[in-house]
Amino acid sequence: MRASRSIFQRVATRSTGSIGTTFRPLSRVSAFHSSASLAEPPSANETSHQWADPLIRQYRYWNREESTEKNKYSYLIEISPDSIQREARILSLSSTADSANRALHKGTLPVGSQLLGVGQTPEDFEKHAAAAPNILFVSPSCPNASVQVPAMLKAYPTIEWVHVRSAGIDFVVSDELNEYREKVQFTNAKGQFSSSLAEYVMMACSYFAKDLPLLMKNKKNKVWDNYDIEELRGKTMGIVGYGDIGRACAKMASVYGMRIVALRRHPYLSRSDDVCDVVYGRDVASLHQLMSESDFIVCSAPSTIETRGMVSAEAFDCVKKNAVFINLGRGPVVDEGALIKALETGKLKGAALDVFSQEPLPPDNKLWELENVLISPHNMDKTQYFMDEATEFFVNENLPRFICGEELLNPVDVLIGY
């Protein structure tokens, strides 16, 4: 028996000649899915800021374009030293050659904070044990971080907070780390990379809608071929994994006049979201429904135990004719063999892939040979200073909050992986 999906839907009304979309108030379409992966909606006595989407939850989640109180606590510490509630004693688990950490390693830190040392193993910090370090900053440049982070927490039990300098935390999670999820707070750099990835998604949509491969081929061969193109207006974008990156894609796509359907773990969190037309719960039936109605499928889900292989052969069997698949989340979320088959058989019109099951992508991988695949080397958020900005977020935003005793931005659960 097929279980009913958890869905929220907005009714769109489009004025003649207008690309924009006007939304009427949200209406609930069906009951919440009974799956254990979906938490119940908030109780009546909970305030809206405890469950509403990122626009309302800015106090907990950072977005470099939307967050309105930038450097608030850095400024507070400068003008009012009395606002300092505790000292910050930091260990940086990263390479000393990692130039993206210059704001932490060589910059001016907020009053009340001190960088004790930089290293890659617990042994590198032994001389700082007496200083009772209470913050661990983790950079992707640290080798074997999934081993070193729990080892650091065991060796230095005074650590209260671990900050990861990337949005994805899959390189640090482990069974050993789960033991500390109730004792230590974990945060990440969510919200720093979303806009550049959203730009990539729209480029990928246009790449296939305007048939750029044919355009470039015709230019090379000096062929004047006045072929038909597709427009993005009116097309449906389905987003698998509606976090900060997914929402940034939705915002940009909605400007093009696209219809947005999304899939997320807790759909009720999007009941106040004015970007999505429909939000599904993260069950198999909902995924298949999204695949079947989307012209462009954007996968921005993190790699966790629950999501690995989530976009399966069965999911690709449900795709809409001429659909395009875009993956910018993590490679292991997708059954790569099933993806290749869908591309070879024509089930999918094409794919734009920035992430893969194995990176670098091996030369003998079939994806290299497929003409309907756009490949990028996991660099579509790699602006010149993107990692520098991630470190600056730690130094200028979260670190001052810690010093002032305020709630930290971007909390993550290491058990579920985001």
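In this predicted model, Arg259 and Glu293 are joined by a salt bridge whose closest N and O atoms lie 3.0 Å apart. Arg259 belongs to strand β11 (residues 259-264) and Glu293 to helix α8, so the pair ties together parts that are 34 residues apart in sequence. The two partners sit in unlike surroundings: Arg259 is partly exposed, at 26% relative accessibility, whereas Glu293 is buried, with a relative accessible area of 13%. The value for Glu293 falls below the 20% cut-off, under which a residue is called buried.

Helix α8 (residues 284-293) also holds Ser286, and this serine is buried, at 0% relative accessibility. Its side chain is not without a polar partner, for a polar contact of 2.8 Å links the side chain of Ser286 to that of Asp283.

The Arg259 pair is part of a wider set, as the structure holds 16 salt bridges. One of these pairs Arg60 with Glu407, at 3.4 Å from N to O. Here Arg60 lies in the loop between β4 (27-28) and α1, while Glu407 lies in the segment after α11 (386-403), so this salt bridge ties together parts that are 347 residues apart in sequence. Both ends are partly exposed, with a relative accessible area of 22% for Arg60 and 37% for Glu407. Another salt bridge brings together the side chains of Arg233 and Glu231, at 3.2 Å from N to O. Arg233 is partly exposed at 43% relative accessibility, and Glu231 is likewise partly exposed at 42%. Beyond such pairs, a network of salt bridges links Arg181, Glu182 and Asp413.

Turning to the cysteines, the structure holds zero disulfides. A disulfide is a covalent bond between the sulfur atoms of two cysteines. Cys142 and Cys404 are worth a look in this light: Cys142 is buried, at 4% relative accessibility, and Cys404 is buried too, at 7%.

A further buried site is found at Leu104, which has its place in helix α2 (residues 102-105) and a relative accessibility of 1%. Leaving aside neighbours within four places in sequence, Leu104 is in contact with Ile90, Ser92, Leu109, Leu115, Phe137, Thr391, Phe394 and Val395. Among these partners, Thr391 stands 287 residues away from Leu104 along the chain, yet the C-alpha atoms of the two are separated by 6.9 Å.

Loop residues can be buried as well, and Asn365 offers an example: it lies in the loop between β15 (348-353) and β16 (373-375) and has a relative accessibility of 14%, which counts as buried. The side chain of Asn365 reaches the backbone nitrogen of Leu367 at 2.9 Å. Apart from neighbours within four places in sequence, Asn365 is in contact with Glu336 and Ile340.

The surface, finally, carries a nonpolar patch formed by Tyr75, Leu76 and Ile79, with about 300 Å² of accessible area together. Tyr75 is placed in helix α1 (residues 72-79). With a relative accessible area of 52%, Tyr75 counts as exposed, since the cut-off for that class is over 50%.

Conventions
Residues numbered from 1 in each chain as written. Predicted model: local features only at pLDDT ≥ 70, side-chain atom pairs only at ≥ 80, totals over all residues. Heavy atoms only, no water. Patch = residues over 30% accessible without salt bridge, like charges linked within 9 Å, V, L, I, M, F, W, Y side chains within 5 Å. Areas by Shrake-Rupley, 256 points an atom, 1.4 Å probe, with all protein chains shown as cover. Salt bridge = Lys/Arg side-chain N within 4 Å of Asp/Glu carboxyl O. Helix = DSSP H or I, 4+ residues; strand = E, 2+ residues; numbered from the N terminus. Buried < 20%, exposed > 50% of the residue type's maximum accessible area, 1.4 Å probe, protein only. Disulfide = S-S within 2.5 Å. Polar contact = N/O pair within 3.5 Å; in protein donor to acceptor, adjacent residues only side chain to side chain. Contact = heavy atoms within 4.5 Å.
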